[in-house]
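Subject: Structure handover

Dear colleague,

Please find the structure below, with its sequence. My notes on what was found follow it.

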Amino acid sequence: MNKYDRFLLQNMKAWDQRTSIHISSDFYNLNKFKTTKSSLNLIELKALGNINNKSILHLQCHFGQDTLSLAHKGANVVGVDFSSEAIKYAENLSKEMNISAQFINEDVLQLDINRDFDIIFTSYGVLGWLPDLKSWAEVVAKHLKKGGVFFIAEFHPFISLLDQNNKWNYFYKSKPDTEEKYGSYTDGGSDVLIKDNWWNHSLSEIFESLELSGLKLLEFQEFDYSPYPLEGMIKRETGKYIIKERRNQLLPYVFTLKATKK
């Protein structure tokens, strides 16, 4: 075992627990998803453009809503997640909705499927579960075609610093911040105790990891809202949420990044 394994095992268990909470939550609203067949936000829809017949690798896909949304838009998609419960539900959801996609139960840091893709996609709340961004970026580079596009939409690391308990760090440290509480970031699960581990990553670490893996930055954008109503947020307008106590400040809530393989 390496120094991260016990933390990652805790996180896998936590995401197995979260899956059963999330599929029943209003936050993920499965009934609406089954009707609309899309869980993607305007941010990523505008960035991706036409993906018909594109091959896409979706890293950290959870229980597959975004994976199936991409597939419904005509892409050939493979979703990967380390939670066996999430992958099991994603496969069932794919069959139920009659949307074809492949799902793989694997830690993205260990991924090697001997295939490359036009696009690699990952989004929202993904990087903090990874202790090693250099290995992550190498996995991205290994599976991306030359001239292909890596795209990430992610919560801005700055936002973690505004946590009311003031317990997060901006710069990476090898020992994660550990949290133990009842429930998830969604509604429901108030009787479920979840323990997990989080590594915050600065923007400079993200950029450096991708560059060292051989990727070239194409585009970087920051957004002054979150597309999701996280704890302590209020609606500014439809699809845009901000921290209630910071409503009069323009802050970076989300960033997007595009890179290509040289």
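I start with one loop residue and work outwards from there. Leaving out residues up to four places away in sequence, H62 touches W15, T19, H22, Y28, D81, A86 and I87. H62 sits in the loop that joins β1 (55-59) to α4. Its relative accessibility is 10%, so H62 counts as buried, the cut-off being under 20%. Please keep in mind throughout that this is a predicted model.

Helix α4

The helix after that loop is α4, residues 65-72. Of its 8 residues, 7 are buried, so α4 is largely enclosed by the rest of the structure. The buried ones are Q65, D66, T67, L68, S69, L70 and A71. After α4 comes G74, which has a positive phi, near 105 degrees.

The cores

The largest nonpolar core has 41 residues, and the members that touch the most others are I56, L68, L70, L93 and Y253. At least two residues of this core come from each of α2 (30-36), α3 (42-48), α4, α5 (84-97), β4 (117-123), β5 (144-155) and β10 (240-243). Helix α5 gives the largest share, with 6 residues. As for L68, its contacts beyond four places in sequence are F33, L93, S94, M97, I99, A101 and F103. Another core lies apart from this one; it has 29 residues, including V78, L127, A141 and L215.

L215 belongs to strand β8, residues 215-223. With a relative accessibility of 3%, L215 counts as buried. Neighbours within four places in sequence aside, L215 is in contact with V140, A141, L144, F150, L210, A259, T260, K261 and K262. Between L215 and G147 there are 9.8 Å in space, C-alpha to C-alpha, for a separation of 68 residues in sequence.

Strand β1

L59 is in strand β1. This residue is buried, its relative accessible area being 0%. L59 touches V80, V108, L111, I120, F121, T122, W136 and V140, again not counting residues up to four places away in sequence. From L59 to F82 the C-alpha distance is 9.7 Å, and the two are 23 residues apart in sequence.

Packing of α6 and α7

How do α6 and α7 pack, in terms of angle and distance between axes? Helix α6 (residues 133-143) meets helix α7 (residues 203-212) at an angle of about 45 degrees, and the axes are 8 Å apart. That angle makes α6 oblique to α7. The crossing of α6 past α7 is right-handed. On the α6 side the contact is made by L133, K134, W136 and A137, and on the α7 side by E205, I206, S209, L210 and L212. Sorted by class, the residues in this contact are 6 nonpolar, 1 polar and 2 charged. Two of the names have come up before: W136 is touched by L59, and L210 is in contact with L215.

Just ahead of α6, the loop between β4 and α6 holds D132. D132 is partly exposed, with a relative accessible area of 25%. D132 and K146 are 14 residues apart in sequence, and their C-alpha atoms are 24 Å apart in space.

Positive phi outside glycine

Most residues other than glycine have a negative phi. Two asparagines are worth a look on this account. N53 has a positive phi, near 70 degrees, and lies in the loop between α3 and β1. N53 is exposed, with a relative accessible area of 58%. For N114, phi is positive and near 55 degrees. N114 is placed in the loop between β3 (102-105) and β4, and at 75% relative accessibility it counts as exposed.

If you open the model with one question in mind, I would take this one: which residues of α4 are buried? They are Q65, D66, T67, L68, S69, L70 and A71, and of these L68 and L70 are among the residues that touch the most other members of the largest nonpolar core.

Regards

Key:
Residues numbered from 1 in each chain as written. Predicted model: local features only at pLDDT ≥ 70, side-chain atom pairs only at ≥ 80, totals over all residues. Heavy atoms only, no water. Buried < 20%, exposed > 50% of the residue type's maximum accessible area, 1.4 Å probe, protein only. Helix = DSSP H or I, 4+ residues; strand = E, 2+ residues; numbered from the N terminus. Core = buried A, V, L, I, M, F, W, Y, C linked by side-chain atoms within 4.5 Å. Contact = heavy atoms within 4.5 Å. Axes fitted to C-alpha atoms, helices over the stretch in contact; angles between N-to-C directions. Parallel < 35°, antiparallel > 145°, perpendicular 65-115°, else oblique. Left-handed = near helix turned anticlockwise from the far one by under 90°. Nonpolar A, V, L, I, M, F, W, Y, C, P; charged D, E, K, R; others polar.
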